[in-house]
Amino acid sequence: MCGIVGYVGKKKALPILLEGIKNLEYRGYDSAGLAIIESSGIFAEKAVGRVSNLESRVKNTSSHGSLGIIHSRWATHGSPTEVNAHPHTDCKSRFFLVHNGIIENYGALKNALISNGHVFVSETDTEVLAHLIEEASHDGRVVLEDAVCKTLLRVKGTYGLAIIDAKDPGKLIAARNFSPLIVGVGRGEYFVASDASAILRHTRRVIYLNDGEVAVLTPKSRRIFNLQKKSVRHHSEKIEWRTEAVQKGGFPHFMLKEIFEEPDALLNSIRGRIDMKRGIAVLGGLTGIKEKLTNIRRIIISGMGTAYLAGLLGKYIIEELTDIPVEAELASEFRHRKYIFQKNEAAVFISQSGETADTLAALQKAKKHELLTLGVVNVVGSTIARETDAGVYQHIGPEVSVASTKAFLSQVIILTLFAIALGRERKTVSAKDARKIFLEMKKLPKAIQSILNMNEAIKEIAKKYAPYRNFLYLGRGYNLPAAHEGALKLKEISYVHAEGMAAGEMKHGPIAMIDEQFPTIFIAPKDSVYEKNISNIKEIKARNKSPTM
Ligand code: BG6
């Protein structure tokens, strides 16, 4: 996933840019590049591979410029080469820009630019933006921000952009549309970043740009407006995360750190939200829409990846505790398919980051159809948090690892609290039943801790199964989404083929594939379907000799 950092101020930009982009390295990338405005002109450098490669290239240069941009690229259009790495520039190497997102109509724009005499060097969609700005600027007769707005009005797609002009050495432009981008507010300096962790060392005051907004930043001023140049007022907000919270804290990698934070994450998501005495769940973020919730006849829960699976579990829980039918939908499907909307329907969007493009698009669709929209989001002030009518924050601190872990548990617990809140209102859950669930919830952090304490034993099991290349995860009921999540994590983290499936489905075909080289992991706690799971396990063992766990 690409990263962006920009700086304008009085300090040397180079170390700030390099340090900022290093803080985004965990997101994965294949090349990096930067551009800084020096008194002698533009200084630009790119390198394939790690940021350290770029760093070695620039370490002997004496860069003094205090306006610059940097980017780490994850290839989408064109292979990961130096030429395709950002920043990209126009024919005269005047405008330099870095971009996250995809320009959907770049093909048509590129053809038009080529027939106007523009020469392209890269295979990227991004390069068209530099040439479009060049065209719109009419050799500098149109100021940069106007040229940028004109350009963006021609563009279809998503972008987080940071742009500089070699001939306008005090101005940094940022623009966003469906790709995360924030402005960091310092003293006599401004930052632009695709993620707050890039700039937290310098400032905690940030402005969250909305889609279709452009910011013009100089060391002493900022102006924000939409593409029609209509000013937009923004107040900066304070990020409360501690810097250590985004560092690895002694763990070899962020994912492990975040797994070990699960007990705390759960405590933080539950804290202050349980009223044991009255047997109610207190979700402050929903008080403003309490009445609307009373009339809700159907709920759709939507998200992507792990967030979607939390939603699927949420469906089971809400339907169990209330009289409301629930649909769980992948946001990427919901946004494009025909969905039969109903009156008095609410849509819940789940997203750790609050910025996932498909989930955002699904939210826009729900808003267009005037659904009541709710968010279960971790990142405060993120787009989904801002765009929904109401919501519940996860309060679990940053989840740096891209593969969601602690966020999943927190999302499930929040959906359970939500189900209890709805159930109590609708009288499908008694105070006594709510208290029972609360008591179990309160035991969870300790229970998870006791599993984490088995780390070494778990490692041994992992070693035993590491040579296998195919896994089946099976579960029923609440454990079906958990089985899907297990398979998803194995695929994403270990690059090993895994499938999650309903245990009942196994004998209707999939059993044909499994043998002694295809281990099956059963999630089979002693619940109402325990016996059924046991007979499935016996079946697999007897017929295919699959190693089962
Ligand atoms: C994917 C991650 O890219 O995004 C998943 O690999 C995550 O782990 C999904 O669940 C959705 O992210 P978010 O921020 O919307 O919860």
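Biologist: Which helix gives the most to the shell around the ligand?

Modeller: This is a predicted model. In it, the residues around the ligand include Met304, Gly305, Thr306 and Ala307. The helix that gives the most to this shell covers residues 305–321 and supplies three residues; it is helix α9.

Biologist: How many residues of each class does the shell around the ligand have?

Modeller: Among the residues around the ligand are Val402, Ser351 and Glu492. Val counts as nonpolar, Glu as charged, and residues such as Ser as polar. By class, the shell has four nonpolar, seven polar and one charged residues.

Biologist: How much of the ligand's accessible area does the protein cover?

Modeller: Start with the backbone. A polar backbone atom of threonine 306 is 3.0 Å from an oxygen atom of the ligand, and a polar backbone atom of glutamine 352 is 2.7 Å from a ligand oxygen. For serine 404, a backbone N or O atom lies 2.9 Å from an oxygen atom of the ligand. On its own the ligand has 390 Å² of accessible area, and the part covered by the protein is 82%.

Biologist: Is isoleucine 451 buried, partly exposed or exposed?

Modeller: Isoleucine 451 lies in helix α14, residues 431–452. Together with Met454 and Ile458, Ile451 makes a nonpolar surface patch of about 270 Å². Buried means under 20% relative accessible area and exposed means over 50%. The relative accessibility of isoleucine 451 is 48%, so this residue counts as partly exposed.

How values were computed: Residues numbered from 1 in each chain as written. Predicted model: local features only at pLDDT ≥ 70, side-chain atom pairs only at ≥ 80, totals over all residues. Heavy atoms only, no water. Near = heavy atom within 4 Å. Polar contact = N/O pair within 3.5 Å; in protein donor to acceptor, adjacent residues only side chain to side chain. Areas by Shrake-Rupley, 256 points an atom, 1.4 Å probe, with all protein chains shown as cover. Helix = DSSP H or I, 4+ residues; strand = E, 2+ residues; numbered from the N terminus. Patch = residues over 30% accessible without salt bridge, like charges linked within 9 Å, V, L, I, M, F, W, Y side chains within 5 Å. Salt bridge = Lys/Arg side-chain N within 4 Å of Asp/Glu carboxyl O. Buried < 20%, exposed > 50% of the residue type's maximum accessible area, 1.4 Å probe, protein only.
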